[in-house]
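Student: Hi! I've got a protein model open and I'd like to talk it through with you. Could we start with the charged side chains?

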Amino acid sequence: MAHLQRREVLGLGGLSAAGLLLQAASTPQGPSSVQQQPLKKIALEEHFSIKALLPTEQEVSFFAPEILAAIEPRLPELGEARLKAMDAAGIDIAVLSQTAPGIQGISSPTEASGLAIEANNALHSAIAMHMTRFKGFAALNMQNVDHACDELKRCVLELGFVGALVNGSSQGIYLDDPSMAPLWSCLEDLDVPLYLHPGIPTDQPSSMVKELDGAIWGWSFDTATHALRLIVNGVFEKHPGAKVILGHMGENLPFYLWRLDSRFATTRYRDSISMSPGDCFRKHFWITTSGVCDNAALQCSIDSLGDDRVMFSTDYPYEDIELAGHWIEQATVSNAIKKKICRDNARQLLKLT
């Protein structure tokens, strides 16, 4: 009963008390801002897990145990409860992906390849049961790039997946490593995006403390750095058709692009790429609102990237799905922009009919 009461306070099954306050605070004033009907949304960062890849308490030790205990049962569930939560948030389609650390947390290359296939097959089975509601991002074993490319082709061409999601680095190897070139070529050939999601950082900076580890800051910092490595180390120079999605409102990068360009222009590396890091980001990256229900952050992202580069997500089951759905409907942007963020941009990027 104590756990149940705790879950209700946290809002893991619905709109939390904090969420209601946020909703009230972010409700726009005036009749011109009122959304007449709930938007039918597409959400791009919605997590699941096969049982063999459920995050362990050690891997996500920053979570309070009772919160992790409430989240984990929701990850393998790909049926009635998830659809009910989607309906409550006004989500028409959820693009599902294997949660972190996932395949990137498996040290054995052989085991990682087998689990990637298992996770993708399980997701395909769930999609087949709910074809109008679920889509999928492929899980890939980046320790074996040839296998990753073969699996990505299978998932896109045979299973109908709409891209891939990689949870950070793979045993110390980031996606700007030259060995990753075949993956980028494969993504270009298939014309699908890569969702770069946080994973367990390979080497935390010495300034990191346990209170800032994980999703609160450490994972976002590592993922933002990973994205910038792709830019400054020339991945997009070699692969001009590559497309990358970042969650969590762009892992703070939309707010930093001016400073990034200003300081990069003073370095000895300024001629190593053909455009500024900020321009490269705006050309090759899309972001989602997953885990960030904040009007100021949304407006800044739109101002920085344009309203065609921002897409809706909730980060289910780690965040309150209903809160996210209500927030975006009441966000202080025009209804035309909301429609692009909630649906049209994802339809175009993922080529959804």
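Student: Is D87 buried, exposed or partly exposed?

Tutor: This is a predicted model, and in it D87 is partly exposed, with a relative accessible area of 49%.

Student: Okay, and which side chain does D87 meet in a salt bridge?

Tutor: The side chain of D87 meets that of R133, at 2.9 Å from N to O. The pair links distant parts of the chain: D87 sits in helix 4 (residues 80–89), while R133 is in the loop between helix 5 and strand 3, 46 residues apart.

Student: And R133, buried or exposed?

Tutor: R133 is buried, because its relative accessible area of 16% is under the 20% cut-off.

Student: Cool. How many salt bridges does a search of the whole structure find?

Tutor: The search finds 11. As background, side chains of opposite charge can pair when their charged atoms come close.

Student: What about D92, which side chain does that one meet?

Tutor: D92 meets R343 in a salt bridge, 3.0 Å from N to O. Here too, distant parts of the chain are linked: D92 belongs to strand 2 and R343 to helix 15 (residues 335–350), 251 residues apart. D92 counts as partly exposed at 24% relative accessibility, whereas R343 is buried at 15%.

Student: Got another one for me?

Tutor: Sure, try R229 and D176, whose side chains meet in a salt bridge at 3.1 Å, N to O. R229 is in helix 8 (residues 218–232) and D176 is in the loop between strand 4 (164–167) and helix 7 (181–190), so the pair ties together parts that are 53 residues apart in sequence. R229 is partly exposed, with a relative accessible area of 33%, but D176 is buried, with 13%.

Student: Next, K243. Where does it lie?

Tutor: K243 is in the loop between helix 9 (235–238) and strand 6 (244–246). At 15% relative accessibility, K243 counts as buried.

Student: A buried lysine, hmm. What does K243 touch?

Tutor: Leaving out residues up to four places away in sequence, K243 touches D191, P193, L194, H284, W286 and L349. The side chains of K243 and D191 are joined by a polar contact of 2.6 Å. There's also a network of salt bridges that links D191, K243 and K351.

Student: Switching topic: what's the strand order in the open sheet of three strands?

Tutor: The order is 1-2-3, with parallel pairing. Strand 1 (41–48) and strand 3 (134–136) are at the edges with a single partner strand each, so one side of each has no neighbour in the sheet. From one strand to the next, the twist averages 30 degrees.

Student: How many bridges join strand 1 to strand 2?

Tutor: Six bridges join them, and strand 2 covers residues 91–98. For an example, look at A43, whose bridge partner in strand 2 is A94.

Student: Which strands does helix 5 lie across?

Tutor: Helix 5 (residues 109–129) lies across strand 1, strand 2 and strand 3, and runs at about 155 degrees to strand 3.

Student: Last thing, how many disulfides does the structure hold?

Tutor: Zero. If you want to look at cysteines, C155 is buried with a relative accessible area of 0%, and C293 is buried too, with 18%.

Student: Why does C293 count as buried at 18%?

Tutor: Because buried means under 20% relative accessible area, and C293 has 18%.

How values were computed: Residues numbered from 1 in each chain as written. Predicted model: local features only at pLDDT ≥ 70, side-chain atom pairs only at ≥ 80, totals over all residues. Heavy atoms only, no water. Disulfide = S-S within 2.5 Å. Buried < 20%, exposed > 50% of the residue type's maximum accessible area, 1.4 Å probe, protein only. Pairing = 2+ DSSP bridges. Helix = DSSP H or I, 4+ residues; strand = E, 2+ residues; numbered from the N terminus. Axes fitted to C-alpha atoms, helices over the stretch in contact; angles between N-to-C directions. Contact = heavy atoms within 4.5 Å. Polar contact = N/O pair within 3.5 Å; in protein donor to acceptor, adjacent residues only side chain to side chain. Salt bridge = Lys/Arg side-chain N within 4 Å of Asp/Glu carboxyl O.
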